[in-house]
Amino acid sequence: MSAKPKRLVVLISGGGSNLQALINACQSPSHMAGELVAVISNRPDAYGLQRAQQAGIATFVIDHTTYADRASFDRDLQACIDAQQPDGLLLAGFMRILTPTFVEHYTGKMLNIHPSLLPAYKGTHTHQRVIADGGSAHGASVHFVTPELDGGPVILQARLPVLPDDTPELLAARVLEQEHYIYPEVVRWFCAGRLQLQANTVYLDGEALHKPHLFNA
Ligand code: GRF
């Protein structure tokens, strides 16, 4: 008998194309031992909510603008997530800084996708910043979330060249395409029980990852 699929909750703020890639991957259970049990958005108008509803996934909105402070928002968010009894928490374009208390509650269970070759270009506007710096390579990283913003250990990266005529929009579109491969891939590893986080080090199949895996597109 196969193991029970891992229960996954996804947090979004916007378009949800990474969410869609995860939905598609979970629709093929032979490839992904995971089930998306809920999608939570901090923005009521996030298009990703429609994607979730079309896929029959429960949706929740916790609008951060109605909270006086970060801690009270995070408390309600945590209660909503924990009611789903998740095995994993996936940030997919979730544009809120989370409090250390919240992050520590999900240590080893929370993943994020970030549009840069971490540790380079933490934070926002990564595509624009790489181009402004005359960088020759860019990409995306999937990492475990730790209290340091975009600072958790990286599991898998996709790397691509910055082209001479790139604009932030063109570069972002090419990076996003890669994100849709690498995020489901890492979630697949996670659901198969192949990934662990111990003392800020990632273990894949029991081996410490001293540098991220590189995805060959
Ligand atoms: C992606 O580039 C993701 O890496 C970043 O925000 C964007 C979200 O896109 N954190 P989408 O909502 O998944 O389409």
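**Ligand shell and a salt bridge**

Me: Which residue has a polar side-chain atom 2.6 Å from an oxygen atom of the ligand?
Reply: Keep in mind that this is a predicted model. The pair has a polar side-chain atom on one end and a ligand oxygen on the other, 2.6 Å apart. With a cut-off of 3.5 Å for N or O pairs, that counts as a polar contact. The side chain belongs to Ser17.

Me: And which residue reaches a ligand oxygen through a polar backbone atom?
Reply: Not Glu179, whose N or O atom at 2.7 Å from a ligand oxygen is in the side chain. The backbone case has a distance of 3.4 Å, and the residue is Ile113.

Me: How much of the ligand's exposed area does the protein bury?
Reply: On its own, the ligand exposes 360 Å². It sits in the largest pocket. The share of that area buried by the protein is 80%.

Me: Which helices each supply at least two residues of the shell around the ligand?
Reply: The shell includes Ser17, Asn18, Leu176 and Glu179. One of the helices spans 17-26 and the other 168-191. They're helix H1 and helix H6.

Me: How many of the shell residues are polar by class?
Reply: Gly15, Gly16 and Gly93 are among the residues around the ligand, and Gly goes in the polar class here. Nonpolar residues number three and charged ones one. The polar count is five.

Me: What does Glu148 form a salt bridge with?
Reply: Side chains of opposite charge can pair when their charged atoms come close. Here the closest N and O atoms are 2.7 Å apart. The partner, 26 residues away, is in the loop between strand E5 and helix H5: Lys122.

Terms used
Residues are numbered from 1 along each chain as its sequence is written. This is a predicted model: local features need pLDDT of at least 70, side-chain atom pairs count only at pLDDT 80 or more; totals for chains, interfaces and linings use all residues. Side-chain values use heavy atoms; hydrogens and water are left out. A residue is near a molecule or strand if one of its heavy atoms lies within 4 Å of it. A polar contact is a pair of N or O atoms within 3.5 Å; within protein, one must be able to donate a hydrogen and the other to accept it, and residues adjacent in sequence count only if both atoms are side-chain atoms. Accessible areas come from the Shrake-Rupley method with a 1.4 Å probe; for residues, only the protein chains shown count as cover. On a 1 Å grid over the protein atoms alone, a cavity is a set of points where a 1.4 Å probe fits but cannot get out, and a pocket is an open set with protein on both sides within 12 Å along at least five of seven lines; lining residues have an atom within 4 Å of a point. A molecule sits in a cavity or pocket if more than half of its atoms lie within 2 Å of its grid points. Helices (H or I, at least four residues) and strands (E, at least two) are DSSP runs, numbered from the N terminus. A salt bridge is a side-chain nitrogen of Lys or Arg within 4 Å of a carboxyl oxygen of Asp or Glu.
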